[in-house]
Amino acid sequence: MTLHIGAEPGQIAETVLMPGDPLRAKWATERFLSDAECVNQVRGMLGYTGTWQGHRVTIHASGMGMASMSIYAHELIRDYGVRQLIRVGSTGAMQNHVNMRDIVLAQTCTTISSPSQSLFKEVQFAPCADFGLLRAAHDAACALGVPVHVGNIYSSDIFYDERPDLNAIMTRHGILAVEMEAAELYSVAARFGARALAVMTVSDHLLKNEALDTRAREQSFSQMFEIALRAAFAPRLQQV
Ligand SMILES: O=P(O)(O)O[C@H]1O[C@H](CO)[C@@H](O)[C@H]1O
Ligand SMILES: O=c1cc[nH]c(=O)[nH]1
């Protein structure tokens with residue numbers, strides 16, 4: 001047990017999928033995993049371990065925001081020996097060519113504040129995805145015929161943003177979409193030598209003012225989970 005995770009040693013798999021929403025973790029477990037057991041309920045941050053096509057995997061929520069992600073990624077890697085972490089989240093598109101429900105793979109993340117900044121100070125660290133996971137996720141999306149975009153995203157620590165000028169700068173510089181966890185996930189994974197990737201579904205469009213409802217965000221992102229699971233267990237990665 002850690003301060004925030006109630007699982008016993010060995011109850012968490014080396015691969016963890018991390019949705020922000022605990023109820024998305026429950027939904028995805030019921031849909032994708034066999035022989036699943038609930039391994040964490042502390043603070044309602046649900047985590048489940050089971051198998052997908054014979055591979056052991058944990059689906060554990062991160063909560064919203066980089067402060068919350070930072071705690072779970074840290075404890076999962078440091079205390080439970082997790083080796084690869086894939087965020088499975090929703091995101092808001094910032095480009096016209098990115099459409100609702102498209103998949104966004106975060107190659108790198110831009111941020112103006114994150115928990116890791118207290119460590120980096122004047123260093124402008126560039127959090128980036130594990131290339132093997134990124135390539136495997138892109139392959140999986142293409143094989144499934146899902147529209148997919150790979151590039152820079154904006155990890156913000158504010159959902160109700162009062163800085164439209166900032167969003168405009170991000171859009172001008174080609175940033176695909178905004179979300180609230182990936183930069184910190186990549187930074188913590190880098191610190192501990194683990195692999196990380198963020199696979200996201202476009203749930204909102206900042207330029208077109210479109211949005212999915214709450215139920216869709218919780219229970220309709222099956223392609224995103226399929227892509228994340230295929231990427232995690234792509235045959236090539238077993239040899240790493
Ligand atoms: O749907 P999740 O994975 O929670 O991701 C996005 O949704 C939340 C905001 O509504 C933030 O956590 C953001 O990153
Ligand atoms: O607009 C959005 C949509 C999802 N997540 C965010 O952080 N922002």
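Which strand is the place of Ser203? Ser203 sits in strand S9, which covers residues 195-205. Keep in mind as you look around that this is a predicted model. The tour below visits two sets of annotated residues, the surroundings of two ligands, and one strand with its partners.

**Binding-site residues from the record: one set**

- An unreviewed UniProt entry lists His4, Glu179, Met180, Glu181, Ser203 and Asp204 under "binding site".
- These residues are spread over 201 residues of sequence, and they are spread in space too, with up to 30.2 Å between C-alpha atoms.
- Glu179, one of this set, belongs to strand S8, residues 177-179.
- Glu179 counts as buried because 26 other C-beta atoms lie within 10 Å, and the cut-off for that word is 20 or more.
- Beyond its neighbours within four places in sequence, Glu179 makes contact with Gly89, Thr91, Ile153, Ser155 and Met200.
- Ser203 is buried as well, because it has 23 C-beta neighbours inside 10 Å.
- If you skip residues up to four places away in sequence, Ser203 touches Ser90, Thr91, Ala211, Leu212 and Arg217.

**Binding-site residues from the record: another set**

- The unreviewed UniProt entry also has a "binding site" annotation that covers Gly20, Arg24, Arg43, Arg87, Val88, Gly89 and Ser90.
- Val88 lies in strand S5, which spans residues 84-93, and Gly89 is found in S5 too.
- Val88 is buried, because 25 other C-beta atoms lie within 10 Å.
- Apart from neighbours within four places in sequence, the contacts of Val88 are Leu17, Met18, Pro19, Val199, Phe221, Met224, Phe225 and Ala228.
- Gly89 is buried because it has 28 other C-beta atoms within 10 Å.
- With neighbours within four places in sequence again left out, Gly89 is in contact with Pro19, Gly20, Glu179, Glu181, Ala198 and Met200.
- Notice that Glu179 appears among the contacts of Gly89, which links the two annotated sets: Glu179 is listed in one and Gly89 in the other.

**Around ligand 1**

- Which residues are around ligand 1? They are Pro19, Gly20, Asp21, Met64, Gly89, Ser90, Phe159, Glu179, Met180, Glu181 and Arg217.
- Sorted by class, this shell holds four nonpolar, three polar and four charged residues.

**Around ligand 2**

- The residues around ligand 2 include Ser90, Thr91 and Gly92, and also Phe159, Val178, Glu179, Met180, Ser203 and Asp204.
- Strands S5, S8 and S9 are the elements that give two or more residues to this shell.
- Which element supplies the largest share of the shell around ligand 2? That is S5, with three residues.
- The shell around ligand 2 is made up of three nonpolar, four polar and two charged residues.

**Strand S1 and its partners**

- In strand S1, residues 15-18, Thr15 and Leu17 point one way while Val16 and Met18 point the other way.
- Are these four residues of S1 buried or exposed? All of them are buried.
- S1 runs parallel to S5, and four bridges join the two strands.
- In that pairing, Met18 stands opposite Arg87 of S5.
- S1 also runs parallel to strand S4, residues 55-60, and here two bridges make the link.
- Val16 is the residue of S1 that stands opposite Thr58 in S4.

Definitions and conventions
Residues are numbered from 1 along each chain as its sequence is written. Chains are lettered from A and ligands numbered from 1 in the order in which they are written. This is a predicted model: local features need pLDDT of at least 70, side-chain atom pairs count only at pLDDT 80 or more; totals for chains, interfaces and linings use all residues. UniProt positions are given in the numbering used here, feature names are shortened, and annotations may be inferred rather than shown by experiment. A residue is buried if 20 or more other C-beta atoms lie within 10 Å of its own, exposed if 12 or fewer, and partly exposed in between; C-beta atoms are placed from the backbone. Two residues are in contact if their C-beta atoms, placed from the backbone, lie within 7 Å. A residue is near a molecule or strand if its C-beta atom, placed from the backbone, lies within 6 Å of it. Ala, Val, Leu, Ile, Met, Phe, Trp, Tyr, Cys and Pro count as nonpolar, Asp, Glu, Lys and Arg as charged, and the others, Gly among them, as polar. Two strands pair if DSSP finds at least two bridges between them.
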